Structure formats: structure tokens, C-alpha cells
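Thanks for sending this one over. Here are my notes, with the helix packing up front and the sheet after it.

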Amino acid sequence: MGDIPAGADAAALSTAAALELLRQLALDLRWTWNHAADPLWSRLEPELWARTHNPWVVLQTVSARQLSERLGEPEFRAQVEHLAAARQIAATTPAWFQQNHTPSELTRVAYFSMEFMLSEALPIYAGGLGNVAGDQLKAASDLGVPIVGVGLLYQQGYFRQVIAADGTQQALFPYNDPDQLPLTPLRTSDGQWLRLQIHLPGYSLWLRAWEVTVGRLRLYLLDSNDIANYPAHRGITSELYGGGPELRLQQELVLGIGGWRLLEALGQSPEVCHLNEGHAALVILDRARSLMQTTGQPFATALAITRAGNVFTTHTAVPAGFDRFAPQLVERYVGTYAAEQLHLSPRELLALGRQDAHDDSEPFNMAYLAVRGSATVNGVSRLHGVVSRRIFLPLFPRWPMQEVPIGHVTNGVHTPSWDSSSSDELWTSACGKKRWIGELEAVGTQLRAVAAERIWQYRSAGRAALIVYARDRLSRQLDASGATPEQVELVRHIFRPDVLTLGFARRFATYKRPNLLLSDPERLVRLLTHPQRPVQLILAGKAHPADEPGQALIAEWVRFVRRQDVRPHAIFLADYDMLLTEQLVQGVDVWLNTPRRPWEACGTSGMKVLVNGGLNLSELDGWWAEAYSPDVGWALGDGREHDDDPAWDEHEAQQLYELLENRIVPEFYERDADGIPRAWVARVRESMARLTPAYSANRSVRQYVEQCYLPAAARYRERVQQGGQPGEQIANWLAALEYNWPQVRFGRVAVESRDGRHFFSAAVYLGALRPQSVRVELYAEAADGQSPEASEADSAAAAQPFRQQMLREPDEAQTGEYRYAADVPATRPAGDYTARIIAAYPGVEVPLEAAYVLWQR
């Protein structure tokens with residue numbers, strides 16, 4: 001939209017102003033969850049809107065004449081003005097954060113992620129990681145949390161899928177034309193496009209900055225497709241999760257170092273940096289570099305200060321999932337930067353990403369750097385917290401696994417982004433329009449009051465709408481693949497709106513066991529084609545282009561659904577994307593999930609069906625391990641780990657069939673005199689009421705604020721004050737520990753039992769360390785005799801180890817011996833208790849920031 005020429009009449013000015021309002025509405029991704037403007041876009045270009053649901057493409061495509069005509073209609077113009085006013089109110093009205101916290105507690109969080117799933121209109125995501133990032137940004141907007149996102153703009157994004165005539169997956173990489181994406185160049189105050197220059201080995205790389213509006217928040221994206229770059233370097237941000245290790249490291253340099261430089265260029269100084277996986281770990285180095293330049297402090301001090309404000313969320317359930325780079329590659333791309341700007345030698349740099357700093361052959365692990373550069377680390381479900389403590393145990397030698405400093409914040413989904421219009425109506429009538437933007441305590445109680453008849457009617461309508469969509473999508477899919485008109489017409493009549501509908505859609509990988517349901521094809525056919533109680537199945541999913549076993553699993557399913565006897569009852573919808581996900585989760589009756597425990601860190605696909613009244617049949621893994629109870633869904637497995645045992649896979653396949661045949665299908669078809677399956681509806685209602693608020697991004701974002709962001713911001717402010725002097729003191733303490741810890745030892749430890757108590761005393765030698773630098777304590781495993789980790793995955797309140805500080809006696813021997821004492825009830829044998837010495841400093845997270853520990857021998 002150009003400048004309005006001087007002398008233009010009032011009507012022209014008004015039209016130009018209305019066009020600008022339309023432009024702002026189309027560029028604000030709030031439309032992905034607030035659908036008030038949907039009728040407006042549909043009026044402009046009905047067919048394009050139905051296919052894309054992309055207001056920006058609609059606005060870019062519609063002719064100037066058509067726009068002028070619509071804006072000449074008083075009703076249309078009034079609707080535009082009303083929507084613009086509502087958007088402004090939503091962006092400025094104090095939300096949950098403003099009502100409960102002050103700017104002095106937290107001014108800004110920078111959220112770094114390799115991918116963001118915000119809309120199909122902005123295809124810069126691959127799957128779960130982007131889903132979490134996008135939904136958390138949207139929820140933060142609703143709640144008013146001051147977050148800014150930082151990511152990459154990919155020229156191709158993730159691949160698009162086509163199923164070939166032989167049933168195999170083909171990968172296509174269409175170009176992401178920025179002019180067709182809902183984003184704008186990020187400009188400086190004088191109107192210049194903001195471009196950054198970072199130095200890579202032998203050349204400089206120019207990065208262009210883009211801005212995406214997400215409600216009241218902003219997402220900044222960087223891309224290397226700048227004409228000033230060498231052609232090969234323009235492709236650094238060409239493809240999400242493409243190329244080899246060198247390209248991945250280049251992308252992570254752009255995300256971490258480029259991302260922090262972007263915030264500096266904008267004059268933003270976040271107290272908290274949230275690293276959504278280890279891809280962004282290099283921001284740790286550049287944030288420290290920035291503080292070194294402003295305070296003159298050395299790297300060790302700068303890291304001690306800045307790590308206080310870094311939060312690292314790991315999504316990986318197996319060590320092989322972390323990004324690891326050859327030492328030579330890291331030295332080549334980061335070595336000069338580390339030497340010149342951080343004053344680190346190659347060995348010091350590589351030690352930050354290694355378990356053993358002295359092993360020259362060990363790769364550089366980005367997750368290790370993230371742990372060593374953060375003061376808060378969390379997994380994404382309760383079970384994943386347990387798994388992560390096991391994975392990162394090598395970084396904390398001699399510490400019990402349950403004390404490895406990794407907690408959990410279970411993921412949630414942004415419910416307004418995934419609910420159908422009928423779901424929105426149901427929830428609004430029961431709980432009010434503002435149910436997802438504040439506290440959620442009353443939501444479940446209100447939903448439980450909805451009548452069974454209303455819920456069943458709503459669920460039946462959702463299933464029918466999904467079938468209409470599936471028929472249309474599959475017919476277009478077949479038409480594009482060269483099917484005959486007769487074959488295309490046939491699929492326009494498949495499925496029935498009154499039949500139990502199962503959904504299975506996700507990335508196809510062997511650990512997700514997508515073919516568990518296909519273990520006995522003939523038994524599945526009998527289930528699908530039962531004359532009185534039929535079942536219909538909708539499948540979708542992609543396998544990474546380099547994952548041949550995953551692609552083979554897709555081909556196996558495609559061959560099955562193409563069987564003559566199966567074709568009317570099961571379909572595979574190609575090109576699994578966000579639009580398809582929305583339709584599936586809004587209509588299926590049961591969502592299937594069959595990963596191999598504990599390889600699914602959380603899994604959010606099953607959460608999306610909750611708000612729409614779908615039920616879950618899932619392995620007791622990820623979020624379902626903590627959410628499941630018999631009255632809200634069904635569970636596979638025994639809650640234990642069996643690795644990749646084929647015999648156990650066969651056992652669970654039989655369990656899956658039996659659940660479907662004997663419990664799920666009969667319950668769906670068991671109707672009362674009014675034709676309502678009362679037991680099914682009761683399960684649906686309880687699942688909606690209990691699980692939807694518990695597994696919403698509203699809950700998870702508020703949890704991040706209270707448990708992670710606010711404490712991190714307070715720690716950072718404490719350490720950075722007075723030119724970083726408190727941080728300097730911490731760095732000096734850490735250096736003293738490293739130098740003097742070999743001298744720390746126990747002398748004689750004694751115990752005396754009398755009067756129902758155990759009295760412990762211990763002689764301790766600290767060498768040159770002061771007693772204030774350590775804590776001496778008694779430690780005992782959980783009182784039930786089990787390792788706390790054994791029960792933590794499946795119970796809300798795990799048994800915790802016993803810890804009690806031993807107090808130093810005032811008389812100090814001239815020999816450097818300090819004496820400590822403590823007494824405990826004699827309810828357990830004295831031999832259960834062990835004395836230990838750990839590092840201690842006010843405000844420092846131990847063992848995360850100082851993993852020193854010495855046990856009594």
C-alpha cells in the first residue's frame with residue numbers, strides 16, 4: 001500500500017484507511033484462533049478461502065476492483081472497522097499476566113525455536129516441536145505474557161507429500177514466496193529493512209529480518225536469502241531439517257548468534273531466553289559475549305550471570321536425538337568467534353558441549369551446551385522428566401538419578417486453535433467466551449453440566465463434517481494422481497456419518513509403531529467390515545525423506561487401504577499438514593497412538609481431540625502416562641519399558657485389537673431408547689471436562705511463567721546488578737571449587753543410637769575452601785525402599801529422598817578439621833543414611849550450576 005497522494009478526497013482517504021485495516025487483519029495470525037473475520041475473507045474470494053484459509057493470500061489475490069466494490073458496501077466496511085476495533089481492544093486490554101504480575105517482575109522473554117507451527121499459511125514447521133512453539137506463542141498472547149519469538153524463515157520449509165501410484169511417498173519442496181506469506185520485512189525506525197551481518201569462516205553472511213504478528217506478540221524470523229550473499233550461502237535457510245551436519249550447524253549459528261544479534265539491533269534486552277530444544281544453544285555464547293562487551297567481565301563471569309536467565313526445554317527421549325557435531329566442524333565455524341570474542345581456546349569451547357572435556361574424539365553436543373548454559377532445565381511430560389534425568393545423568397557424576405536437576409512442564413495445546421466452530425459454541429454456552437484466557441479452575445465443573453443429548457448431537461455433527469472433508473480431500477488427491485473419473489466419483493460416497501471413526505495421523509517412524517494396528521490385516525478387516533458394528537479408519541502422516549523404514553510403513557498402509565474389501569472403510573490422506581490435522585481432531589471419535597514407551601517425549605496430537613470430544617486410545621507414554629484413567633479413555637501397555645522386543649509388540653497388538661473389539665466398539669454402539677450411547681457420552685464429557693483444561697497451553701504457559709520465567713528473571717537481575725559483581729563472586733566461587741575440590745575429604749564419621757534417635761557426627765577437611773562454600777548433609781533413599789524414579793512416572797506424588805543438613809560445631813581444630821553433627825528419628829536403620837558434601841552458594845542451582853559432590857566412604 002503506497003502513500004496516499006496529497007489532495008485526495010475524503011472518500012479515497014477512507015478507502016485507503018479501510019484497505020490498511022484489512023491488511024493489518026490479514027497479517028495478524030490471531031485469525032488462526034479467532035474466526036470472527038472468516039465470513040469477511042470468504043466474501044472476498046470464496047473458493048480460494050475454502051482451499052487455503054489464508055487471509056493474506058486472499059487479500060493479495062483479489063482484484064482492486066473487487067476490493068473497491070466490497071469496501072463500497074456499508075455493511076462490509078462496518079464489519080472491517082468493527083473487527084479492527086476488536087483487534088485493538090484484544091491487543092491492549094490487560095490480560096492474565098498484567099492482572100497478576102508487574103513489569104518489574106518480567107519485561108521480556110525471548111523464545112528461540114527452530115520451527116513454529118502457527119498456520120498452514122506460514123509453513124515453517126515439521127511437527128511436534130513447532131506445534132509446541134506455535135501454541136505457546138498463541139497462549140502467551142491470550143495471557144499477555146511478554147514473549148517475543150525468534151526463528152528462521154525457510155525458503156522451502158518442510159516437504160510436501162505425494163503418494164505415488166505404487167503407494168510410495170514422494171517428497172516435493174515448493175518455494176515459500178515471502179510475498180504470499182503473512183509476514184513483513186522488519187524495518188528500522190527510518191524505514192530501512194533490518195539486515196544483520198555475522199561472520200562465518202572465510203566470509204560474512206547477511207541475514208534479512210522478518211516480522212510476524214501473533215496477536216499482541218511478535219515473532220522475528222531470519223533468512224539468508226539475501227542478494228549480497230554468495231549463492232551457496234543464500235541457501236543456508238533453504239530447508240527445515242534438510243542437508244547434512246554442516247548445513248544444520250550453519251542454521252543453528254543463524255538461529256542462536258544471529259537471533260541474539262537481532263534482539264540487540266532492536267534494542268531489546270530480555271531477562272529470560274527460552275531455548276526450545278538444543279538447536280538454539282549458541283545463543284548462550286552470544287548472550288555471554290554481549291555482557292562481556294558491556295561490563296568488561298570475562299567469559300566465566302558472563303556465563304555465570306547470563307545462564308541465570310536461560311531456560312532450556314528438552315524434547316528428546318533418546319540420546320541419539322540430540323544434535324552432535326564433529327569437533328573439527330565446530331572449531332571451523334565457531335573457533336575463531338570463540339577465540340576473538342569469548343577469549344576461549346578450542347579445548348575450552350569444546351568442553352562446553354562434551355561429557356568428558358579431555359576426550360578429543362567426543363562430538364560437540366548442543367544439548368550439553370544448553371544444560372551448561374542454563375539455570376532451569378525441563379522435559380515436556382512427567383515421564384519425559386524421568387527419561388531426561390537418565391539421559392543427562394553422565395553430566396552429573398556421582399549424583400543419584402532422581403537428583404539430576406531436570407524437572408518437567410507437560411506440554412499443552414492452544415485449544416482455540418484446534419476447536420471446531422461447533423465446539424466453540426458448546427464450550428461458550430457452558431463456560432463463557434473468555435474461558436481460555438485466564439484461570440481454568442471452573443471450566444470442568446461447568447462442562448459437566450452439559451446434557452448427554454447435547455454432547456451426542458454435537459459429536460455426531462463433528463463426525464459428519466469430517467467425512468464430508470475427507471471425501472473432498474481424497475477425491476482431489478486421486479484426481480491429481482491421475483485416477484479415472486469413476487474412481488474419483490466412488491470416493492465421494494465412502495464412509496457413513498453414523499459409524500465409529502478412528503484417526504491415526506503423525507510422523508511415520510519405526511518407534512511410533514504406526515503399523516501395530518496392521519499386525520493382523522485380516523482381523524482388522526473383520527473389525528472394519530462388521531455388519532452390525534462397522535468401523536472406519538482415517539490415516540495420514542509423513543516419513544522424513546531420508547527415513548526409508550518410515551516410508552516403507554506408509555507404503556504398507558497404502559497397499560492395505562487400496563484393497564477392494566478395505567477401500568470403503570479405510571483411507572490414507574496424503575500431505576499431512578496443519579489444515580488436515582484441524583479437520584481430523586475435530587471429527588474423529590477415537591485418536592490412536594502407539595509409540596514404543598518411553599520414546600514419545602510428550603505427544604500433543606491426542607490433546608487436540610480433547611476440546612472436540614474425541615477420546616484417546618494410546619500407549620502409556622508421554623502425556624497419556626499421566627493423563628490416563630479408565631473413565632476418560634483407554635490405555636495400551638503395562639506402564640513399563642520393553643525396548644524394541646518383537647514379542648512385546650505382538651502382545652500389545654493383540655491388546656489393541658481386544659480393546660477395540662471388546663470394549664470400544666461395543667460401548668459406541670450400545671444405545672438407549674433415545675439412540676444415545678450413554679456410557680460413551682459420559683466418557684466423552686469427563687474427558688472434555690477434566691483433560692481439556694489440564695492439557696491446554698493456557699496451563700503450560702502459566703506454569704512456565706510461575707515456575708521458570710519469573711524465578712529466572714529474578715536470578716538474572718540479582719547477578720547482573722552493580723556491573724555484574726554478584727556474578728563475579730559466583731564465578732570466583734566456582735573457580736575455587738574446581739581448584740580445591742580434590743582436597744576435600746571426610747575424616748571419621750560416627751553414629752550413636754539412643755532415645756529413639758540416631759546421632760551422627762562427621763569430621764570434614766576442606767583444604768583451602770571456606771565452610772560457607774559447601775553444605776554437609778545426611779542423605780537416604782526414599783523411605784519405601786524403592787528408587788523414587790520407579791514410581792514417579794505413574795504417580796502424582798513420588799517418594800523423595802531424605803536430605804538433612806548437618807550443622808557445623810563452633811570449635812575448629814587447628815588441623816583444618818571441621819566437625820558436623822545431625823540427628824534423625826530412629827525409624828529407619830542408621831545404615832540407611834550416608835553423609836555427603838556438596839557445593840553451596842546462595843541463589844545458585846546445585847547441582848545444575850555446580851555438580852560437586854563427595855560421599856562418605
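1. In this predicted model, helix α20 (residues 452–480) and helix α28 (residues 678–694) have axes that come within 10 Å and cross at roughly 85°. Angles of 65 to 115 degrees count as roughly perpendicular, so α20 and α28 are roughly perpendicular to each other.

2. A look at who touches whom: α20 brings Ala452, Glu453, Ile455, Trp456, Tyr458 and Arg459 to the contact, while α28 brings Arg678, Trp680, Val681, Val684, Arg685 and Met688. Sorted by character, the residues of this contact between α20 and α28 are eight nonpolar and four charged, with no polar ones.

3. Next, the sheet. Six strands make up an open sheet with parallel pairing, in the order β17-β16-β15-β18-β19-β20. The edges are held by β17 (570–573) and β20 (633–636); each has a single partner strand, so one side of each has no neighbour in the sheet. From one strand to the next, the twist averages 20°.

4. For a closer view of one edge, follow strand β19 (residues 615–619), which pairs with β20 in the parallel sense over four bridges. Here you can find Asn616 opposite Gly633 of β20.

5. Which helices pack on this sheet? Helix α24 (residues 578–587) touches β15 (500–505), β16 (535–540), β17 and β18 (590–593), and its direction makes about 160° with that of β16. Helix α27 (residues 646–669) lies across β15, β16, β18, β19 and β20, and runs at about 170° to β20.

Terms used: Residues numbered from 1 in each chain as written. Predicted model: local features only at pLDDT ≥ 70, side-chain atom pairs only at ≥ 80, totals over all residues. Heavy atoms only, no water. Axes fitted to C-alpha atoms, helices over the stretch in contact; angles between N-to-C directions. Helix = DSSP H or I, 4+ residues; strand = E, 2+ residues; numbered from the N terminus. Parallel < 35°, antiparallel > 145°, perpendicular 65-115°, else oblique. Contact = heavy atoms within 4.5 Å. Nonpolar A, V, L, I, M, F, W, Y, C, P; charged D, E, K, R; others polar. Pairing = 2+ DSSP bridges.
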